[in-house]
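Me: Please take a close look at one part of this predicted model, a pair of neighbouring helices together with the loop that joins them. I would like a connected account of the geometry, the contacts and any unusual backbone angles.

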Amino acid sequence: MDPRPLPVIDVREQVRLPLRRTFMLCVKGIRHRFFRSLLTSAVIVLAVAFFMALLAGSVFARAVAGGVEQERQEQRLAATALDTWFARPSPAALARQLEQGGAEALARRTGRDPAALAALAEDCRAEARLLAWFESIDVGARVALVRNVRDRAILAWLAEPERWAGFAARLEAMSTLRPPVTPAGMQAVVARAPGLEGDLAALAGDHQAAVGRLETAVAGLSSRSDHEGRLEWLAGAEPGALAEFARLLAAHGLPAPAPERLAAIQAGVRLQREREAVLRALAAEPALAAWRRAFHDSPALDDKLRRLDD
């Protein structure tokens with residue numbers, strides 16, 4: 001044990017606060033803590049309000065974007081329908097349609113085997129994924145791999161054995177690159193490219209033949225064989241003629257629009273023809289001279305339409 005004596009603790013007389021003083025100290029402490037709680041609550045409320053404002057802005061933006069997109073689709077309803085019925089897409093456009101799941105619709109339109117078109121669509125998607133990967137990598141890495149070649153020319157460039165060997169060696173050395181398929185899968189896409197191009201060209205030919213058959217059938221219904229004549233007939237067709245036109249579309253592998261949708265398409269065609277007539281009138285020399293005299297300028301035709309709408 002430590003022989004040293006323990007220190008003496010001198011406890012002095014404690015301060016005795018009166019009740020009023022003790023009560024005021026308690027009130028002061030409560031007031032202080034209440035103020036701190038109020039500040040904390042205010043910060044939380046402001047944070048929640050800030051995030052709710054961000055969320056509300058995002059919701060409003062999505063709602064407006066959705067409304068604008070719906071309005072844009074309604075305005076383009078007639079143009080989209082006419083393109084679906086009478087357009088002659090290129091092989092590249094058909095490849096994009098196959099990539100987006102249009103194999104079944106193309107099979108109905110062209111009479112092709114749906115399974116064969118589904119396999120063709122898978123080849124188109126594989127090629128699109130590979131080309132998109134080449135576009136997504138750094139420019140320096142792409143130049144090192146395939147020089148300055150772009151788009152589908154990359155596949156033709158890689159088809160040569162010497163170039164493929166150099167490409168495979170450089171790709172293996174670039175460990176940070178992550179291609180969407182293995183080198184063997186990439187080589188399969190390259191080898192399939194010429195055949196795929198020929199298959200798409202044959203599909204485009206079948207599609208054009210299907211459009212030609214539809215145009216012949218519509219000419220028998222409307223007694224108009226030219227495109228402008230078809231539009232003029234469609235813009236003024238009676239409901240019975242429109243119903244017969246819908247049955248004609250279904251007979252040629254196209255979805256038959258409902259009567260109200262076909263009426264909306266007809267209204268869009270009529271409006272588009274009226275717009276084109278107004279544009280032709282505005283582009284005529286007398287109208288140009290009259291516009292310059294009235295407004296002392298000569299804006300583009302679309303600007304004229306917007307200003308005439310005021």
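Reply: A natural place to begin in this predicted model is the loop between α13 and α14, where H296 is found. With a relative accessibility of 67%, above the 50% cut-off, H296 counts as exposed, and its phi is near 60°, a positive value in a residue other than glycine.

As for the two helices themselves, α13 covers residues 285-295 and α14 covers residues 301-308, and their axes come within 14 Å while crossing at roughly 55°. That angle makes α13 oblique to α14, and the crossing in which α13 passes α14 is left-handed. The contact between them brings L288, W291 and F295 of α13 to K304, R307 and L308 of α14. Sorted by class, this contact of α13 with α14 consists of four nonpolar residues and two charged ones, with no polar residue taking part.

The backbone angle at H296 can be set beside that of D151, which is not a glycine either and has a positive phi of about 55°. D151 also lies in a loop, in its case the one between α6, residues 139-146, and α7, residues 153-158. Its relative accessibility is 48%, so D151 counts as partly exposed, whereas H296, at 67%, counts as exposed.

Conventions
Residues are numbered from 1 along each chain as its sequence is written. This is a predicted model: local features need pLDDT of at least 70, side-chain atom pairs count only at pLDDT 80 or more; totals for chains, interfaces and linings use all residues. Side-chain values use heavy atoms; hydrogens and water are left out. Axes are lines fitted to C-alpha atoms, for helices over the stretch in contact, and angles run from 0 to 180 degrees between N-to-C directions. Helices (H or I, at least four residues) and strands (E, at least two) are DSSP runs, numbered from the N terminus. Angles under 35 degrees count as roughly parallel, over 145 as roughly antiparallel, 65 to 115 as roughly perpendicular and the rest as oblique. A crossing is left-handed if the near helix is turned anticlockwise from the far one by less than a right angle, and right-handed if clockwise. Contact means heavy atoms within 4.5 Å. Ala, Val, Leu, Ile, Met, Phe, Trp, Tyr, Cys and Pro count as nonpolar, Asp, Glu, Lys and Arg as charged, and the others, Gly among them, as polar. Buried means under 20% relative accessible area, exposed over 50%, partly exposed in between (1.4 Å probe, protein chains only).
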